[in-house]
Amino acid sequence: MKPWAWLVLAGWLLAPCPSGAEVLGLYDDAYLRHWQTITPQDARAVYRESILPALTRDERALLVGLEFEFPLRAPGEQAGREPFAFYAWRDAAGRPRVTASMLSLRLFSDLSLALVWLEAHGYAIDAPANYLTLLKYRPALRLPPPSGALGLPTSARDEPAVARRHGEFFTSGIVFVLLHELGHLRHGHVDRASSDPAASQRQEAQADAFALEVMARLGYPPVGAVGFFTFAAHWLPNRWDFETEAAWRDYVAHGSHPLTGERLRALAAVLRSRAEDFARKAEDIGRARAATVYIAGQIEGIAGLLDDEEVQQGIALLGRTLAPAALAPRKPGEPMATGVAPTPADQPFSGRYRGEFTDAGGTLEVVLELERRGDEVVGAYSFGLGVGRIRGRVQGAALHYLWQYGADTGRGVLRAGEGGRLEGHWGRGGSDRDGGTAHMGRY
């Protein structure tokens, strides 16, 4: 059992699947219109100059009259697809169409930029995915766009190495996505209303296989697909967003581009088996081949994440408890910010502490931030999988408190010791000691 598994409350109320409505106002119209003058032209040029020449005669015949559409936001009932509003369809005359909303394109670009910038500067890279988790489970927070929420400097796009890496990441990710949609048109996946889960997954696998086939012909490894699927895994419905297996299977049968571990493992298998093809046009073929195998391993890791109930419930808890301040840049291993402004550490149970909470399953490294007013204390604790809250009263040399993490609650006692240290125990429900121990020092 993972050390934090006790935090996952049995019978936890499942969140509704995201509708997309929560993100429609993430960017204003003026911002999206600005990029509408840039991105669509670039995408059409990539299709015309790179993708189209790589298609076979039969594939071109099935895509005659193809048009790309780039609305500011997905229109009408398609708005529920946001922020992954990429889809293929045929109009009343049977002409092929691919739609990619500017909102979805900009969100993927901004999250990709954040990922690249954080990695370049040695910061933890989980914040972009956590941003989507907060959007999914706590839409009432009304987060700003990623650059502001994730603490990126305005100069992030101007750093040459970051700009180059972002260009590679974003472009290859979007090429994969657009080719996937062309794959649906290529294989005649127009009406999915009567599909069963198995048929739906076959369609997704066929569209993925087409995208990878064309990218292999181009000698173009799908570097950005890792980021795309990582982000999708933190937003799109997963098995444990549904109360029953039947409800999940119905979603897989009728939902838009369902994401499952089976689908991702099939994709990774193609990358491994054809690594040489993806690498053949690179300057350093050996390095590109190794990078392709690495991409396959990363995608397999995402598949494992999707299939692990404990991990998925942990992500849901993370989304329900994180403070927006936790999205700020931090070094790997450094706990997330709690969003509490602690009072000065001029007395016990005030200020910032760092240490360990233990239970029968293991040890958690925790940062505790306390605000003390007289004998009343409020605060929050962070341990890398969300933020919990505490409230208590000082009695002599001890703080007696109530804690809450999501829907789970309990009690605890911390006693002040030498050097500002805190030692104590905690429990669940009405107990203050049946859970484990706590050991904290000033931080």
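**Exercise 1. Determine how far helix H9 (residues 223–233) is covered, and identify what covers its buried residues.**

Solution. In this predicted model, a residue is called buried when its relative accessible area is under 20%. By that cut-off, 9 of the 11 residues of helix H9 are buried, and the helix is mostly covered. The next step is to name them: the buried residues are Gly224, Ala225, Val226, Gly227, Phe228, Phe229, Phe231, Ala232 and Ala233. The last step is to look for their cover, which includes strand S2 (86–90) together with the helices H4 (102–120), H5 (127–137), H7 (160–186), H11 (261–273) and H13 (285–307).

**Exercise 2. Decide how compact the protein is for its 443 residues.**

Solution. Begin with the secondary structure, which consists of 14 helices and 11 strands. The radius of gyration is 24 Å, close to the 22 Å that the globule rule gives for 443 residues, so the protein is as compact as a globular protein of that length. Along the principal axes, the C-alpha atoms fill a box of roughly 85 × 50 × 45 Å. Turning to the contacts with a separation of 6 or more, one finds that 64% of them join residues 24 or more positions apart.

**Exercise 3. Describe the burial, the surface and the charges of the protein as a whole.**

Solution. Of the 443 residues, 51% are buried. The accessible surface comes to about 19200 Å², and carbon and sulfur atoms account for 53% of that area. Finally, the charged side chains number 48 positive and 52 negative, with the centres of the two sets lying 2 Å apart.

Key
Residues numbered from 1 in each chain as written. Predicted model: local features only at pLDDT ≥ 70, side-chain atom pairs only at ≥ 80, totals over all residues. Heavy atoms only, no water. Helix = DSSP H or I, 4+ residues; strand = E, 2+ residues; numbered from the N terminus. Rg over C-alpha atoms; globule rule 2.2 N^0.38 Å. Buried < 20%, exposed > 50% of the residue type's maximum accessible area, 1.4 Å probe, protein only. Contact = heavy atoms within 4.5 Å. Areas by Shrake-Rupley, 256 points an atom, 1.4 Å probe, with all protein chains shown as cover. Lys, Arg positive; Asp, Glu negative; His and termini not counted. Charge placed at Lys NZ, Arg CZ, Asp CG, Glu CD.
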